[in-house]
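Work through the following exercises with the model open beside you, and try each task before reading its solution.

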Amino acid sequence: MSLTLEQVQKIARLARIEISETEAGTTRDHLNGIFQLIEQMQAVDTRGVEPMAHAQEQSQRLRDDIVSEPDCRAACLAIAPETEAGLYLVPKVIE
Amino acid sequence: MKWEVVIGIETHAQLATVSKIFSGAATAFGAEPNTQASVVDLALPGVLPVLNRKAVDCAIRFGLAVGAKVAEKSVFARKNYFYPDLPKGYQISQFELPVVQGGGLTVQVGGGDAAYEKTIRLTRAHLEEDAGKSLHEDFHGKSGIDLNRAGTPLLEIVSEPDMRSSDEAVAYARALHGLVRWIGICDGNMQEGSFRCDANVSVRPVGQAAFGTRREIKNLNSFRFLKEAIDYEVQWQINEIEEGRAIAQATVLFDPDRGETRMMRSKEDAHDYRYFPDPDLLPLVIGADWLERVRGELPELPQQKRERFQRELGLSAYDAATLTASQEVAAYFEATVAVAGAAQAKPCANWVMVDLAARLNKEGRDIANAPVQPAQLGGLIQRIADNTLSNNIAKKVFEALWNGEGATADAVIEQQGLRQITDSGAIEALVDEVLAANPGNVAEFRAGKEKAFNALVGQVMKAAKGKANPQQVNALLKKKLAG
């Protein structure tokens with residue numbers, strides 16, 4: 001499998017990364033290199049092997065349903081670029 | 001052309017935990033903006049999610065209640081998209097291995113003779129986190145972000161496309177809403193967004209096996225809007241197809257003011273979420289012992305109670321369904337029957353569903369705060385059963401109990417002299433009096449006017465101040481007029 005320049009641009013857009021046309025070409029070559037490695041791995045017969053969800057053979061630890069985090073609004077708002085009325089302000093977004 | 005409607009519903013139920021799914025911040029509704037957003041919810045660098053046990057408990061309860069498979073092992077995944085109310089740039093959700101798999105919900109559709117039962121299959125239910133809220137009011141051309149809701153635990157419940165009308169969709173949504181409240185996993189407050197529905201709607205010619213192209217209606221937060229939105233959408237899709245235009249897959253929003261759905265995004269703009277297992281979270285393992293403990297804590301479920309009401313108390317499917325709409329209603333009804341006796345189950349059902357419900361509705365009260373207790377209502381129904389009260393007078397006694405004029409029906413009957421007159425000698429005297437005083441009605445009845453009979457009954461009841469036993473009055477009047 002190899003990627004087209006168009007697919008590289010789409011992936012960049014989804015990841016919100018701006019790339020130039022030259023960069024897109026280099027990136028395509030890098031990604032295609034990775035795909036070759038993946039192809040090698042996919043050639044391995046994995047029938048009967050359970051897909052691995054995590055590198056560690058452990059299960060998720062759980063916490064009790066208790067409110068343990070105090071209000072940190074003042075400290076968090078203080079490091080934000082722009083705030084008003086207790087809200088974080090961001091460039092207007094309406095879908 | 002005859003069209004068939006196909007509907008599937010996705011529901012987001014906020015789980016009844018006090019803290020968030022992956023952090024120890026509070027989940028209370030209506031707090032000052034951003035006062036319940038911890039560093040985990042804000043996605044500051046270096047923070048890690050730790051799963052809330054109670055949220056998993058809720059998912060297990062739901063899975064068991066709908067007869068689904070509760071996965072021994074399920075996996076959290078990252079759903080990637082960019083929006084300011086999602087600080088991490090991804091939502092932690094479940095994708096390939098959800099915690100609840102399959103199951104079904106049996107619902108009552110419609111009422112009266114047209115009512116029928118249908119089982120809607122569930123695809124899955126998975127745990128995930130809610131996003132924050134964007135406020136688009138005027139902040140100098142900017143949007144305001146409140147992250148209090150970010151990280152609130154959600155159970156997303158996905159149905160199969162098994163519904164064939166907006167009525168079935170509403171019946172399903174209502175039953176699901178009733179169930180999540182019944183088993184205590186969600187407060188069901190739709191105004192506050194605790195229970196939100198998305199409807200996937202398509203149409204196809206009757207008899208066609210393949211589904212038509214669907215459009216998804218987002219964020220319907222009332223049963224009325226769910227019905228209106230689906231009805232509008234179905235008509236719109238049929239018109240489009242009949243005018244030769246194909247339906248394009250899209251996400252739409254319902255505008256309740258205009259009663260229309262309108263396009264939010266087309267398939268070309270559809271999100272590409274690039275799910276992958278979240279490396280910050282290990283697989284969730286639910287052992288048999290955990291499952292059995294939750295099973296032991298589950299109350300009798302609405303479906304089981306409904307069947308028992310029909311089997312043991314002889315109620316109709318409709319009555320049984322109405323009386324199991326919530327734990328509170330069911331408990332009230334059962335406590336009433338416990339006093340009045342199982343033989344009076346049907347009158348008990350009628351009093352709870354009609355008289356009590358109407359009175360509660362009028363005052364905007366919950367059944368849990370009804371001024372008339374089940375024991376009082378049960379006592380009242382006993383007095384109707386043993387002929388101490390006619391139905392009409394019973395309504396007066398009910399009103400008196402409601403207003404606190406007596407502690408029991410018996411006390412009200414004694415204080416206000418409402419005992420029904422069943423002494424046939426006394427009733428006969430009243431009947432004779434009325435017949436003598438109304439020769440006109442008597443003549444009319446004998447000439448074949450049935451209405452005149454009712455007028456005479458009315459006169460006797462009036463003379464008895466409403467207290468004469470109506471059946472006895474009828475029988476005696478008939479006998480006298482015939483003789």
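Buried area is the accessible area, taken with a 1.4 Å probe, that two parts lose on being put together, summed over both. The model used here is predicted.

**Exercise 1.** Find how far chain A can be relied on, judging by its pLDDT.

*Solution.* Begin with the whole chain: the mean pLDDT of chain A is 91, and 97% of its residues reach 70 or more. Then turn to its elements, among which helix H1 (residues 5-14) of chain A has the lowest mean pLDDT, 90, while strand S1 (residues 62-63) of chain A has the highest, 97.

**Exercise 2.** Describe the extent of the interface between chain B and chain A.

*Solution.* First take the residues: 54 of chain B are in contact with 37 of chain A. Next take the area, since about 4,100 Å² is buried between the two chains, and carbon and sulfur atoms give 58% of that area.

**Exercise 3.** Work out which polar links cross the interface, and what the side of chain B that touches chain A is made of.

*Solution.* The rule finds 4 salt bridges between the chains, and in a salt bridge the side chains of B:Lys142 and A:Glu82 meet at 2.8 Å, N to O, which is inside the cut-off of 4 Å. The count of residue pairs in polar contact is 23. Several elements of chain B give two or more residues to this side, including helix H1 (53-65) and strand S16 (260-266) of chain B, but the largest share, 5 residues, comes from S11(B). By class, this side has 29 nonpolar, 14 polar and 11 charged residues.

**Exercise 4.** In which sense do S1(A) and S2(B) pair, parallel or antiparallel?

*Solution.* These strands pair in the parallel sense over 2 bridges, and A:Arg63 stands opposite B:Asn52 in S2(B).

Conventions:
Residues numbered from 1 in each chain as written. Chains lettered and ligands numbered in written order. Predicted model: local features only at pLDDT ≥ 70, side-chain atom pairs only at ≥ 80, totals over all residues. Heavy atoms only, no water. pLDDT = per-residue confidence, 0-100. Helix = DSSP H or I, 4+ residues; strand = E, 2+ residues; numbered from the N terminus. Contact = heavy atoms within 4.5 Å. Polar contact = N/O pair within 3.5 Å; in protein donor to acceptor, adjacent residues only side chain to side chain. Nonpolar A, V, L, I, M, F, W, Y, C, P; charged D, E, K, R; others polar. Pairing = 2+ DSSP bridges.
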